Amino acid sequence: MSDQTPALDLDLARKVLDAQPFSRLVGARLTEFGAGRAVLELDHRDELRQQNGFLHGGVLSYAADNAITFAAGAELGPAVLTAGFSIQYVRPASDGVLRARAEVVHAGRRQAVVRCDLSTVDEQGAETLCAVAQGTVLSAG
C-alpha cells in the first residue's frame, strides 16, 4: 500500500461492506478482518432458502466471494477485484449462522490466492463445514 492509501481496519472494512446494497440485503456482517484474514457472517432467513429449506447455494457463493475479497484486501490494500473463484459444496447449509472464514494462502504484489471455509454455526457454537472455496484476487490500484 502506498502512503496515500488509508490502512484498512475492521471499522473501515465494515463501512465498505455496508456500502454494498446486496450485502445489506442479505444481512452480512464482518466479524474479523486483518492480516490476510476475514470472517463474514449472516443469519439464515426464509428469504435466503431454496425449495428444500436449506440456505441457497448462491448465498454461500456470495459469502465466499466477499470473504475471499476482504481477506485479500487486508493483504493487498483496499482496491481489489475478484478474478475468479471456485466453490465445492460439502453438505447443505441448515439452520444457524453462516460463517465464511477466509485466509490468504499466497500473496504477491498484484494478486492473492485465498481459501475460504464456509460453515454453519449452531446455538452452542459448534461449526459444521458446508462448503470450501478458493479464489484469486487482483490488486486494482
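Helices here are DSSP runs of at least four residues, numbered from the N terminus. With that in mind, welcome to a short tour of this predicted model, centred on helix H3, which spans residues 57-76.

## Asn66 in helix H3

A good place to start is Asn66, which sits in helix H3. Is Asn66 buried or exposed? Its relative accessible area is 10%, so Asn66 is buried, given that buried means under 20%. Leaving out residues up to four places away in sequence, Asn66 touches Leu17, Gln20, Ser23 and Leu40. Another pair to look at is Asn66 and Ala100: they are 34 residues apart along the chain, and 8.8 Å separates their C-alpha atoms.

## How H1 meets H3

Leu17, one of the residues touched by Asn66, takes us to helix H1, which covers residues 10-18. H1 and H3 pack with their axes 12 Å apart and at an angle of about 140°. That angle makes H1 oblique to H3, because only angles over 145 degrees count as roughly antiparallel. The crossing of the two helices is right-handed.

Which residues meet here? From H1 come Ala13, Val16 and Leu17, and from H3 come Tyr62, Asn66 and Phe70. By type, the residues of this contact divide into 5 nonpolar, 1 polar and no charged.

## Aromatic pairs that involve H3

Tyr62 and Phe70, both on the H3 side of that contact, appear again when we turn to the rings. The count of aromatic pairs comes to 2. The table lists them.

| Pair | Centre to centre | Angle between planes | Geometry |
|---|---|---|---|
| Phe22 and Tyr62 | 5.4 Å | 70° | edge-to-face |
| Phe33 and Phe70 | 6.3 Å | 85° | edge-to-face |

Why is the pair of Phe22 and Tyr62 called edge-to-face? Its planes stand at 70°, and planes over 60 degrees apart count as edge-to-face. This pair links distant parts of the chain, with Phe22 in helix H2 (residues 21-26) and Tyr62 in helix H3, 40 residues apart. Phe22 is partly exposed at 46% relative accessibility, whereas Tyr62 is buried at 12%.

The pair of Phe33 and Phe70 has its planes at 85°. Phe33 belongs to strand S1 (residues 29-34) and Phe70 to helix H3, so the pair ties together parts that are 37 residues apart in sequence. Phe33 is buried, with a relative accessible area of 15%, and Phe70 is buried too, at 9%.

## Ser61, also in H3

Helix H3 also holds Ser61. At 18% relative accessibility, Ser61 counts as buried, because the cut-off for buried is under 20%. What does Ser61 touch, if residues up to four places away in sequence are not counted? Its contacts are Phe85, Ile87 and Tyr89.

## Leu138 in strand S6

For our last stop we move to Leu138, in strand S6, which runs over residues 127-139. Leu138 has a relative accessibility of 35%, so it counts as partly exposed. Setting aside neighbours within four places in sequence, Leu138 is in contact with Leu76, Ala79, Val80, Leu81, Ala83, Arg110 and Gln111. Between Leu138 and Arg101, the C-alpha to C-alpha separation is 19 Å, and the two are 37 residues apart in sequence.

How values were computed:
Residues are numbered from 1 along each chain as its sequence is written. This is a predicted model: local features need pLDDT of at least 70, side-chain atom pairs count only at pLDDT 80 or more; totals for chains, interfaces and linings use all residues. Side-chain values use heavy atoms; hydrogens and water are left out. Buried means under 20% relative accessible area, exposed over 50%, partly exposed in between (1.4 Å probe, protein chains only). Contact means heavy atoms within 4.5 Å. Rings of Phe, Tyr and Trp (its six-membered ring) pair if their centres lie within 6.5 Å; planes under 30 degrees apart count as stacked, over 60 as edge-to-face and the rest as tilted. Axes are lines fitted to C-alpha atoms, for helices over the stretch in contact, and angles run from 0 to 180 degrees between N-to-C directions. Angles under 35 degrees count as roughly parallel, over 145 as roughly antiparallel, 65 to 115 as roughly perpendicular and the rest as oblique. A crossing is left-handed if the near helix is turned anticlockwise from the far one by less than a right angle, and right-handed if clockwise. Ala, Val, Leu, Ile, Met, Phe, Trp, Tyr, Cys and Pro count as nonpolar, Asp, Glu, Lys and Arg as charged, and the others, Gly among them, as polar.
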